[in-house]
Amino acid sequence: MIKCPNCNSKDIGKIGSHQFYCWGCFIELTVNGDKMSVYQVEEDGTLSSLDDLFFEDDLPNLSEVHAN
């Protein structure tokens with residue numbers, strides 16, 4: 001099970017084949033190969049990247065994502 005890199009919540013939902021949503025802090029996580037991207041969902045539904053706020057060491061182990 002993965003934890004949100006922002007709030008450490010385990011309440012993560014799968015919204016697409018490589019997309020996840022944190023119900024704790026309302027951010028979207030996208031897995032592309034071995035890279036995870038983090039996005040804030042804006043009021044109009046657009047996504048704003050939060051990748052510059054997170055270092056690679058702070059992101060969860062992607063092998064955990066692929067195992068679920």
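**Exercise 1. Find out why Cys4 and Cys25 form no disulfide.**

Step 1. Take the cut-off: a disulfide is a pair of cysteine sulfur atoms within 2.5 Å.
Step 2. Check the pair. The closest cysteine sulfur to that of Cys4 sits in Cys25, 3.6 Å away, so the two are too far apart for a bond.
Step 3. Add the setting. Cys4 is buried at 1% relative accessible area. Buried means under 20% relative accessible area, exposed over 50%, partly exposed in between (1.4 Å probe, protein chains only).
Step 4. Repeat for Cys7. Cys7 is in no disulfide, and its nearest cysteine sulfur, in Cys22, lies 3.6 Å away. Cys7 is partly exposed, at 33%.
Step 5. Conclude. The whole structure has zero disulfides.

This is a predicted model: local features need pLDDT of at least 70, side-chain atom pairs count only at pLDDT 80 or more, and totals for chains, interfaces and linings use all residues. Residues are numbered from 1 along each chain as its sequence is written, and side-chain values use heavy atoms, without hydrogens and water.

**Exercise 2. Locate the salt bridge between Lys35 and Asp51.**

Step 1. Apply the cut-off: a side-chain nitrogen of Lys or Arg within 4 Å of a carboxyl oxygen of Asp or Glu.
Step 2. Lys35 and Asp51 meet at 3.9 Å, N to O.
Step 3. Place the partners. Lys35 is in strand β4 (residues 35–41), and Asp51 is in the loop between β5 (47–49) and α1 (62–67), 16 residues apart. Helices (H or I, at least four residues) and strands (E, at least two) are DSSP runs, numbered from the N terminus.
Step 4. Asp51 is partly exposed, at 24% relative accessibility.
Step 5. The whole structure holds one salt bridge.
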